[in-house]
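Please walk me through this structure, piece by piece. Keep the sentences short and stay with what the coordinates show.

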Amino acid sequence: MTLRPILSFATALLLCIPVAPASAQSMSFDAYLQLLIAGARAEGVSEATLQRMTEGLEPSQRVIQLDRSQPGSSTGTGYPPLAPYIATHVDDARISGGRRAYSAARGELAAIEREYGVPGEILTAIWGHETAYGAVKGGFDLAQALATLAWEGRRRELFADEFVALMKVADKGYPRSQLKGSWAGAFGNPQFLPSVYLRLATDGNGDGRADIMNSRADTLASIANYFRDAGWRSGQPWGVRAYVPSGFDIDRYRTRIDAPVCSRVHERHSQYKTVEEWRELGVQPQRPLAAGTQATIFQPDGPGTPAWLLTSNYRVILEYNCSNYYAMSVGLLADEITR
C-alpha cells in the first residue's frame, strides 16, 4: 500500500536518536520502547491500552531479517515481463474466489458503490490481492513488529509514528490478539497501516465500529473510502485493452512525469491524450471509452504485445500499491470477476 505516515509527538521525540541498524544501537530495546510509550501517552492513549499492548514485548529478529532483505529501488532500465506475473496473480483460483466473494457481498457492494462511486469488482479485487478475500491476513504481532522496526532504525520516523497510531487503534477496544498482520505493520482484510486505518477506515454496517479485521462490510467500505480519497472518478474505467498499429512508436509520445512517489512506475507510461486524439493516431480502444477521456498508453512487454489505454483511475490503484504489476493485476482481476 501507499505509505502515508502521520506526524506526531513521537516523531519529534525520536528524531534525536541516531539512525542505525539494530547491531549498532546505543539504546536497549526496552529503553527505546519507553520512548515509544511516552510518545503514545502524549497522544492521549490510555495507560490500560499501553500496558496490554506492550507487556512482555521483545524485538523480533525475524522482522529485522525481513526488513533487511527488502530489495532497493532498481536504477536500471529493464523490467520483468508483465504477462507471467498476470498469469500467476489473475489465475483461476483468484478469479473464482473473487466471483464468489462478489456474489456473496452483492447487496453491500451495491450500496457502497452508490455512496462512494467505486465499482464493487474493484473493491473485491483489492481484497483478493491483499488477503485472498480474508484468508491470509498475516500473523505478526503488530506491536512487536512496529516497535522492532522503529528500534532498528532504517525507517525510524515512519514506524515510530505507526506504532503510536497502532496504540490509538487498540485504544478503540480491539484486543491485542486481533491486531496481527504483516511484518511491516499492515493489517486487516485491506492491509491498512494503522495511520491509514485512523484516517480512512469506515463503519460499513452501522454498528459504530470500523472493524476491518472481521467485518466484510467495513472492509469494503474502507477500501472504497480510500479510493474516493485518492481521487477515483465514478463512471470511468481503470483502463481498456487497445489496438496499437504496427510500427507505432510509443516512445515518441513519452514524457517525463515528476511524481512525488513511484517515479519509475510512471516513466513507463506515455503522455496523456484524449481518446479521440489517440484514435486519430491509430490507437483504438477495444471497449467503450468516452472520446474526451484522458488516457495514457501502456504496452509493458514491448511492441507486438498487449497494450492498454489507462485512465486516471489507474493512478488511484497505484496509490494503494506503487507497482504497475499490482495495479494491472487488480484491474484485470476486477474485469474477470464480472465477466
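Strand 6 covers residues 294–298 and is mostly covered, with four of its five residues buried. This is a predicted model. Strand 6 is joined to strand 4 (residues 273–274) by two bridges, and the two run antiparallel. Here T274 stands opposite Q294 in strand 6. Strand 6 is also joined to strand 7 (residues 307–310), by three bridges and again antiparallel. In that pairing I297 stands opposite L309 of strand 7. F298 faces W308 of strand 7 in the same way, standing opposite it.

These pairings belong to an open sheet. Five strands form it, in the order 4-6-7-3-5, with antiparallel pairing. Its edge strands are strand 4 and strand 5 (284–285), each of which pairs on one side only. In a regular strand, side chains alternate between the two faces of the sheet.

W308 also has a charged partner. The charged end of R241 sits over the ring of W308, 5.5 Å from its centre. A second arginine is placed in a similar way: R209 lies over the face of Y174, 4.1 Å from the ring centre.

Now to the helix that follows strand 7 in the numbering of residues, helix 15 (residues 312–320). Its buried residues are N313, Y314, V316, I317, L318 and Y320. What do the buried residues of helix 15 pack against? They pack against helix 8, helix 12, helix 13 (263–266), strand 6, strand 7 and helix 16 (324–337). Helix 15 is thus in contact with two strands of the sheet, strand 6 and strand 7.

Aromatic rings add to these contacts. The structure holds 14 aromatic pairs. One of them is F227 with Y320: the ring centres are 5.9 Å apart and the planes are at 50°, so the pair is tilted. F227 lies in helix 12 and Y320 in helix 15, so the pair ties together parts that are 93 residues apart in sequence. Both F227 and Y320 are buried. A pair of aromatic rings is described by the distance of the centres and the angle of the planes. By those two values, F248 and Y253 form a stacked pair, at 5.4 Å centre to centre and 10° between the planes. F248 has 16% relative accessibility and Y253 has 11%, so each counts as buried, the cut-off being under 20%.

F227 and Y320 also belong to a cluster. Ring pairs link F192, Y226, F227, W232 and Y320. Beyond four places in sequence, F227 touches V118, I122, I126, W232, V316, I317 and Y320.

How many residues does the largest nonpolar core have? It has 86 residues. Those with the most contacts inside it are M167, L179, F227, W238, I317 and M328. A second, separate core of 14 residues includes L289, A295, I297 and A307. I297 is the strand 6 residue that stands opposite L309.

Helix 12 meets another helix as well. Helix 7 (residues 106–116) has L109, I112 and Y116 as its buried residues. Seen down the axis of helix 7, they fall within an arc of 65°, so they line one face of the helix. An α-helix has 3.6 residues a turn, so residues three or four places apart point the same way. On the other side of helix 7, G107 and R114 are exposed. The buried residues of helix 7 pack against helix 6 (92–104), helix 8 (120–131) and helix 12 (216–230). After helix 7 comes G117, whose phi is positive, near 80°.

The last stop is L142, in helix 9 (residues 142–152). Is L142 buried or exposed? Its relative accessibility is 0%, so L142 counts as buried. Beyond four places in sequence, L142 touches L166, L179, K180, G181, S182, G185, A186 and F187. Among these contacts, L179 is one of the residues with the most contacts inside the largest nonpolar core. The C-alpha atoms of L142 and F163 are separated by 8.3 Å, although the two are 21 residues apart along the chain.

Note on methods:
Residues numbered from 1 in each chain as written. Predicted model: local features only at pLDDT ≥ 70, side-chain atom pairs only at ≥ 80, totals over all residues. Heavy atoms only, no water. Buried < 20%, exposed > 50% of the residue type's maximum accessible area, 1.4 Å probe, protein only. Arc of directions from axis to C-beta. Contact = heavy atoms within 4.5 Å. Pairing = 2+ DSSP bridges. Phe/Tyr/Trp six-rings, centres within 6.5 Å; stacked < 30°, edge-to-face > 60°. Lys NZ or Arg CZ within 6 Å of the ring centre and 35° of its normal. Core = buried A, V, L, I, M, F, W, Y, C linked by side-chain atoms within 4.5 Å.
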